[in-house]
Amino acid sequence: MNSRLKGKKIVITGASSGIGEKIAYLVAEQGAYPILLARSYDQLEKIAQNIQEKYGIDCLFYKLDVRDTENVKDVFEDILRNVNTIDVLVNNAGFGVFADVVDAQIEQMKAMFEVNVFGLISCTKMVLPAMIQQNSGHIINIASQAGKIATPKSSVYSATKHAVLGFTNSLRMELSSTNIHVTAVNPGPIRTRFFDIADESGTYAKNVNRFMLDPDFVASKIVNAMLTPKREINLPGWMNAGSVFYTLFPRLVEKVGGKAFFKK
């Protein structure tokens, strides 16, 4: 058991499936108290019951749509009334839709920014005053390798993750005189339900299946970094190396790697 997490209160958005759900089980195993947020109340209730039965941990859960700022305000105020402090916030809620810009729907574009960017910022703002007052805490933002290297059909999704990285890096500097850690998580494709929405045709998921990350592996990396000054978690390493190379030599990468970018 990781004594660093024992008894800590860990809020997870997008906790009803994928790496959010995996993180909830892992932190409960470490003796922490996961607080689950997502739109799917029934699924959260099921996960909370499983955690209670398996680990004997009381697990709060709330229905939350991060696009609704009043809902975010009400939920986080209620959490703080119940637990007094939040030690870790994992901003995991997010989605993507892969499409060429000419075909993309404006409403879907807006929704991606509302969830991936403004929802993340709203949740962060709600925990910051308490974390600053206690001079401790950790904000973990799930970004993406797409925020470092854009590819065709992911223009808007990539734009949201670029925004998350910019926000995360700035926030880290704003909090540099405190004991609050800020971490960006930049995974490549993960084998989760994300692609049910992002890639309805199944083409991309099929093309990159052998490169997909295991959600348990990603979740374990995130949990192991909690309450440490880890700046970024980049997975897989070879993909992050590609994004660094792209930053240095963008024209070369676009020319040489052009075919690889059209997996969607």
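Start by selecting helices H4 and H5 in this predicted model: residues 106-134 give you H4, and residues 155-174 give you H5. How do the two run relative to each other, roughly parallel or roughly antiparallel? Their axes cross at roughly 15 degrees, and angles under 35 degrees count as roughly parallel, so H4 and H5 are roughly parallel to each other. The axes come within 8 Å, and the crossing of H4 past H5 is right-handed.

Now show the side chains between these two helices. On the H4 side, pick out Met109, Met112, Phe113, Asn116, Val117, Leu120, Ile121, Thr124 and Leu128. Facing them from H5 are Val156, Tyr157, Ala159, Thr160, Lys161, Ala163, Val164, Phe167 and Leu171. Colour this contact by class and you should count 14 nonpolar, 3 polar and 1 charged residues.

Stay in H5 and click on valine 164. Is this residue buried or exposed? Its relative accessible area is 2%, and buried means under 20%, so valine 164 is buried. What does it touch, once you set aside neighbours within four places in sequence? Valine 164 is in contact with Asn116, Leu120, Asn141, Ile142 and Ala143. You've already met Asn116 and Leu120 on the H4 side of the helix pair. While you're here, draw a distance from the C-alpha of valine 164 to that of alanine 184: the two atoms are separated by 8.3 Å, and the residues sit 20 apart along the chain.

Next, go back along the chain to lysine 153, in the loop between strand S5 (137-142) and H5. What about its backbone is worth a look? Phi of lysine 153 is near 75 degrees, a positive value in a residue that isn't glycine. Most residues other than glycine have a negative phi. With 30% relative accessibility, lysine 153 counts as partly exposed.

Time for another pair of helices. Select H1 (residues 18-29) and H8 (residues 215-225). Their axes come within 9 Å and cross at roughly 55 degrees, and H1 and H8 are therefore oblique to each other. This crossing is right-handed. Which residues make the contact? From H1 come Ile19, Lys22, Ile23, Leu26 and Val27, while H8 brings Pro215, Asp216, Val218, Ala219, Ser220, Ile222 and Val223. By class, that is 9 nonpolar, 1 polar and 2 charged residues.

From H8, move on to leucine 227, in the loop between H8 and S7. Here's another backbone stop: leucine 227 has a positive phi of about 60 degrees, although it's not a glycine.

Keep going to proline 236, in the loop between strand S7 (232-235) and helix H9 (237-248). Zoom in on the peptide bond from leucine 235 to proline 236: is it cis or trans? That bond is cis, with omega near -15 degrees. Most peptide bonds are trans.

To finish, zoom out and show the whole chain, which has 11 helices and 7 strands. Of its 264 residues, 50% are buried. Switch on the surface: about 13,000 Å² is accessible, and 52% of that belongs to carbon and sulfur atoms. Then turn on the contacts between residues at least 6 apart in sequence: 69% of them join residues at least 24 apart.

Definitions and conventions. Residues numbered from 1 in each chain as written. Predicted model: local features only at pLDDT ≥ 70, side-chain atom pairs only at ≥ 80, totals over all residues. Heavy atoms only, no water. Axes fitted to C-alpha atoms, helices over the stretch in contact; angles between N-to-C directions. Helix = DSSP H or I, 4+ residues; strand = E, 2+ residues; numbered from the N terminus. Parallel < 35°, antiparallel > 145°, perpendicular 65-115°, else oblique. Left-handed = near helix turned anticlockwise from the far one by under 90°. Contact = heavy atoms within 4.5 Å. Nonpolar A, V, L, I, M, F, W, Y, C, P; charged D, E, K, R; others polar. Buried < 20%, exposed > 50% of the residue type's maximum accessible area, 1.4 Å probe, protein only. Areas by Shrake-Rupley, 256 points an atom, 1.4 Å probe, with all protein chains shown as cover.
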